[in-house]
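This briefing goes through one structure by topic, beginning with its sheet and ending with individual side chains. Please keep the sequence and the model at hand while reading.

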Amino acid sequence: MTDEQKGNVDSSIYCLAKAYVKILNDEKPPMIFAICNNDEVIGYVDIGFYELSEDSFLSKKYGDKYTYGLNRFMIDKKHQGKGFGKQAMMKVIEYIETFPQGQADAVATSYWLVNEAVRKLFASVGFVETGAIWDGQTGDNWNVERKDIEYAEVGARLGL
């Protein structure tokens with residue numbers, strides 16, 4: 001990751017530790033995969049499977065009951081801008097379409113409003129912004145009058 005991107009994604013160690021705790025608690029663990037170019041690890045993806053409550057945004061707006069969530073998606077800064085992100089995302093979607101942890105209505109993700117590269121990547125593989133926007137630090141609804149847009153997080157969805 002570039003220095004500017006470091007606050008956008010949790011560390012890989014943190015993600016692996018969270019997965020381990022879920023396994024210990026007999027929960028469905030996140031599906032964490034390395035993204036490789038030949039034999040070199042150039043990134044990773046963390047995918048979760050979620051049952052949505054009836055009052056969740058995706059349930060109310062789209063009728064979704066279950067979703068796969070892209071919790072984290074990262075490509076090493078040395079390999080960004082070379083098409084690896086799009087190739088990897090297409091493989092991730094192909095994998096999710098096998099419903100490895102259960103049938104789902106959609107794939108959901110979010111990203112920082114200021115992250116134009118990720119916005120373009122997700123749009124290029126079919127994700128559509130849901131209209132949901134919130135404070136990525138607190139989870140509160142976003143106040144459009146705020147000037148600190150680096151904290152605005154945007155929701156996106158890909159129907160399955």
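Helices, as the term is used here, are DSSP runs of H or I with at least four residues, and they are numbered from the N terminus. In that sense Leu-58 lies in helix H2, which comprises residues 57-62. The model is a predicted one, and the points below move from the sheet to the helices packed on it, and then to selected residues and aromatic groups.

**The sheet**

- Six strands form an open sheet in the order E1-E2-E3-E4-E6-E5, and their pairing is mixed.
- Strand E1 (31-37) and strand E5 (128-135) stand at the edges with a single partner strand each, so one side of each is left without a neighbour in the sheet.
- On average, and with direction ignored, neighbouring strands of this sheet are turned by 25° against each other.
- As a general point, the strands of a sheet pair through backbone hydrogen bonds, in either a parallel or an antiparallel sense.

**Strand pairs around E2**

- E1 and E2 run antiparallel and are joined by seven bridges, and Cys-36 has Val-41 in E2 as its bridge partner.
- These two strands, E1 and E2, form a hairpin with two residues between them, and Asn-38 in the turn has a positive phi of about 60°.
- Strand E2 (residues 40-51) also pairs with strand E3 (residues 66-75), in the antiparallel sense and over nine bridges.
- Within E3, Phe-73 stands opposite Val-45, while Tyr-66 is the bridge partner of Glu-51.

**Helices on the sheet**

- Helix H3 (residues 84-96) lies across E1, E2, E3, strand E4 (106-112) and strand E6 (152-159), and runs at about 155° to E3.
- Helix H4 (residues 116-124) likewise packs on the sheet, where it touches E3, E4, E5 and E6, and its direction makes about 165° with that of E4.

**Leu-58 in helix H2**

- Leu-58 has a relative accessible area of 14% and is therefore buried, given that buried means under 20%.
- With its neighbours within four places in sequence left aside, Leu-58 is in contact with Leu-52, Gly-63, Asp-64, Ala-108, Thr-130 and Arg-157.
- One of these contacts, Thr-130, is 72 residues from Leu-58 in sequence, yet the two C-alpha atoms are 8.3 Å apart in space.

**The loop after helix H3**

- Thr-98 has its place in the loop between H3 and E4, and with a relative accessible area of 56% this Thr-98 is exposed.
- The side chain of Thr-98 reaches the backbone oxygen of Tyr-95 at 2.6 Å.

**Aromatic groups**

- The structure holds five aromatic pairs, among them the edge-to-face pair of Phe-33 and Tyr-95, with 5.2 Å from centre to centre and 75° between the planes.
- Because Phe-33 lies in strand E1 and Tyr-95 in helix H3, this pair ties together parts that are 62 residues apart in sequence.
- Both rings belong to partly exposed residues, with relative accessible areas of 35% for Phe-33 and 32% for Tyr-95.
- Phe-49, Tyr-66 and Tyr-68 form one aromatic cluster, and Tyr-66 is also the residue in E3 that is bridged to Glu-51.
- Arg-157, one of the contacts of Leu-58, places its charged end over the ring of Tyr-62, 4.2 Å from the centre of that ring.

Technical notes
Residues numbered from 1 in each chain as written. Predicted model: local features only at pLDDT ≥ 70, side-chain atom pairs only at ≥ 80, totals over all residues. Heavy atoms only, no water. Pairing = 2+ DSSP bridges. Axes fitted to C-alpha atoms, helices over the stretch in contact; angles between N-to-C directions. Contact = heavy atoms within 4.5 Å. Buried < 20%, exposed > 50% of the residue type's maximum accessible area, 1.4 Å probe, protein only. Polar contact = N/O pair within 3.5 Å; in protein donor to acceptor, adjacent residues only side chain to side chain. Phe/Tyr/Trp six-rings, centres within 6.5 Å; stacked < 30°, edge-to-face > 60°. Lys NZ or Arg CZ within 6 Å of the ring centre and 35° of its normal.
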